[in-house]
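Hi everyone, thanks for coming. Today I'd like to walk you through a structure that may be new to you. Have a look at it first, and then we'll go through it piece by piece.

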Amino acid sequence: MALTPAEKSAFIRDGLLIKRGAVGSDLVARARALVDDWLRESMDPALIHSYTQRTFAPELGGHPDLLGLFSSSGAAALAGALLGDFQPVSTTQIQVRIPESQLSESQPEKAMHVDGVACPHLDPDELRTFSLLVGVVLSDITDPTGGALRYQSGGHLTMSEWFRDQWSLGITDQVPPDVDARTGTPFLGAPGDVLLMHHLVPHAVGRNLSREPRIMAYFRVSHVAHAEHRLQSLRDPWLDYSGLAGMHQAEASS
């Protein structure tokens, strides 16, 4: 699966792409069955905060039927078209927004943030960054109030400027105030849709006021050299994007 020049240009501008139906229904069905079984039989409601901060179904993160959403579909090729060579992907993050009507206590919301930077459960001096977030939809997401991820299109450029000019390690603010004040665009989709989102795009997740769980499988993909320049990649949004070499300079000067 390839990306067209127009799609690459859109990614440079917006920091994200949505590829509809990129993962086959058989792969989605196997992964969804695993998650549904875990939610029904293994989820501990007392750990809802921990699941939300890290992952649901943590013991299933390396299961072949979940990893296959990335490695056995077109998603890996899409990531390669943007990053060039990337590190092996060995774990899946499952994120579920459970309907509030099914919970005895509210699931915590996620404020506007960039993953791995000043997270509430991390030391402010610790970075757990990566290059590209790949999300695979496992449930119908048609209701913006159903716990949809909300992203800020073009925010990767705003955030890189902030990281370069105003931010330093140890600052506990996850985003600048003007970014925090924006609600973002809800990501809506159908099972098998794929979200390709630059690590620096700020995003948030709110309450699920619908009747159905919102289920996503996420893969954090890092360029092969990312660990060697984590700080630099926060300040230069294209440092990890070998697949866009030359294009982003042309976009910036046009």
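**A walk through the model**

Let's start with one residue: serine 222 has a relative accessibility of 11%, so it counts as buried. By that I mean under 20% relative accessible area, with exposed being over 50% and partly exposed in between, using a 1.4 Å probe and protein chains only.

Before going on, a word on where this comes from: the model is predicted, so local features need pLDDT of at least 70 and side-chain atom pairs count only at pLDDT 80 or more, while totals for chains, interfaces and linings use all residues. Residues are numbered from 1 along each chain as its sequence is written, and side-chain values use heavy atoms, with hydrogens and water left out.

Back to serine 222. Where is it? Serine 222 sits in the loop between S9 and helix H8, residues 230–235. Helices (H or I, at least four residues) and strands (E, at least two) are DSSP runs, numbered from the N terminus. Which residues does serine 222 touch, leaving aside its neighbours within four places in sequence? They are Phe86, Gln87, Thr129, Phe130 and Ser131, where contact means heavy atoms within 4.5 Å. Leucine 132 is 90 residues away from serine 222 in sequence, yet their C-alpha atoms are 6.5 Å apart in space.

Leucine 132 brings us to the strands. Leucine 132 stands opposite valine 221 in S9, and S4 and S9 pair in the antiparallel sense over six bridges. For two strands to pair, DSSP has to find at least two bridges between them. S9 also has S2 as an antiparallel partner, joined by five bridges; there, glutamine 95 has methionine 216 of S9 as its bridge partner. And S9 is mostly covered, with seven of its eight residues buried.

For contrast, take glutamine 102, in the loop between S2 and S3. Buried or exposed? At 51% relative accessibility, glutamine 102 counts as exposed. Its C-alpha is 18 Å from that of methionine 216, and the two are 114 residues apart in sequence.

There is also an open sheet of four strands, in the order S3-S8-S5-S6, with antiparallel pairing. Why do S3 and S6 have a side without a neighbour in the sheet? S3 and S6 (185–186) stand at the edges and each has a single partner strand, so one side of each is left free of a neighbour there. S3 and S8 are joined by two bridges, and lysine 110 has valine 205 in S8 as its bridge partner.

Now for the inside. The largest nonpolar core has 47 residues, and Phe56, Leu69, Leu132, Val134, Leu138 and Phe219 have the most contacts inside it. Such a core is a set of buried Ala, Val, Leu, Ile, Met, Phe, Trp, Tyr and Cys residues joined through side-chain atoms within 4.5 Å. Which element gives the most to this core? That is H5, with seven residues. H5, residues 75–83, is mostly covered, with seven of its nine residues buried. Those buried residues pack against H1, S1, H4, S4, S7 and S9. After H5 comes glycine 84, with a positive phi near 75°. As for leucine 69, its contacts beyond four places in sequence include Ala75, Val136, Leu138 and Phe219.

Last, the empty spaces. The largest pocket holds about 1,100 Å³ of space. It is lined by 45 residues, with Gln53, Arg54, Gln93, Asp115 and Arg220 nearest its centre. S9 gives the largest share of that lining, five residues. The search of the whole structure also finds one cavity of 30 Å³ or more. The largest cavity has a volume of about 70 Å³, and Phe130, Ser131, His198, Ser233 and Asp240 lie nearest its centre among 13 lining residues.

How are these spaces defined? On a 1 Å grid over the protein atoms alone, a cavity is a set of points where a 1.4 Å probe fits but cannot get out, and a pocket is an open set with protein on both sides within 12 Å along at least five of seven lines; lining residues have an atom within 4 Å of a point. Grid points are joined across faces, edges and corners, and a volume is the space filled by probe spheres set on the points.
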